Amino acid sequence: MPMAKQWIGRSVAAAILQARHPSRSLTLVQHLGGIGLVPLAILDSSIIPTFGSLDVLTAWLAAGTPWLWWYYALMSTAGAVIGAWLTYRLGKKMGTDWIEKKIGARRLKQVGGAIEHWHFGAIFVSTIAPPPFPTAWFLLVAGAFDFSRKRFLSAVLLGRSARYALLTLVAAHYGRHFLRYLRHPLHYLLISIIVTASLAAAVYLFTGRRRASLQTAPASR
């Protein structure tokens, strides 16, 4: 619960900042088109905050050329996976002491506990959840905790591809109306909270049932 309250507080601030102070680099990336999403996606998966710029720009491009929605989703996913892997390697190299200095001991314990408890599900939710969810914290801690590289990349690929495919499909269908809705700070915050809460609940139910079935299986034998 403390982590959820902190995230909601950061969500409000980041969403307002996104709407009032858009990044100047967006103009350049817009001219580059889909290929420009790759470096921005790499940055978005790092410890440097982008305040939802990648989502807004990906949706903007998909709304402008709906028949290329899959291409924009692919570019964002490719960059996000590369960025996630670099952040994972950074966490693995620097270790928990360095991460603790960056995010604090309590947050490190919360994120580490989530990864140790939910494993694949924790990484998946962190990568599919909309910003400003602290995805980079999970990527860093996963590396520091020596989380399985194969499972890590699988969770990131699945989460990011699902996220950007859904985002571009909706943007391509509803056009600029969806983009205006997305850029509104309160609307953006509401979408982020609803989607993240739904994903967390789904993972909780799925893993809970799976563990229950695994526990009852030996008894039935």
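The term pLDDT stands for the predictor's confidence in each residue, on a scale from 0 to 100. In this chain pLDDT averages 77, and 66% of the residues score at least 70. The model is predicted, and local features need a pLDDT of at least 70, side-chain atom pairs count only at pLDDT 80 or more, and totals for chains, interfaces and linings use all residues. Residues are numbered from 1 along each chain as its sequence is written, while side-chain values use heavy atoms and leave out hydrogens and water.

Over residues 217-221 pLDDT stays under 50, and the model has zero contacts (heavy atoms within 4.5 Å) beyond four places in sequence for them. Where pLDDT is low, the predicted coordinates should not be read in detail.

Helices here are DSSP runs (H or I, at least four residues), numbered from the N terminus. The axes (lines fitted to C-alpha atoms over the stretch in contact, with angles from 0 to 180 degrees between N-to-C directions) of helix H5, residues 69-103, and helix H9, residues 149-174, come within 8 Å and cross at roughly 150 degrees. H5 and H9 are therefore roughly antiparallel to each other (an angle over 145 degrees). Among the residues that meet are Trp 69 and Tyr 88 in H5, and Phe 152 and Tyr 164 in H9.

Two residues other than glycine with positive phi are set out below, with relative accessibility graded as buried under 20%, exposed over 50% and partly exposed in between (1.4 Å probe, protein chains only).

| Residue | Phi | Loop between | Relative accessibility |
|---|---|---|---|
| His 119 | near 55 degrees | H6 (105-118) and H7 (120-128) | 34%, partly exposed |
| Asp 146 | about 60 degrees | H8 (135-144) and H9 | 52%, exposed |

Note on methods:
Helix = DSSP H or I, 4+ residues; strand = E, 2+ residues; numbered from the N terminus. Parallel < 35°, antiparallel > 145°, perpendicular 65-115°, else oblique.
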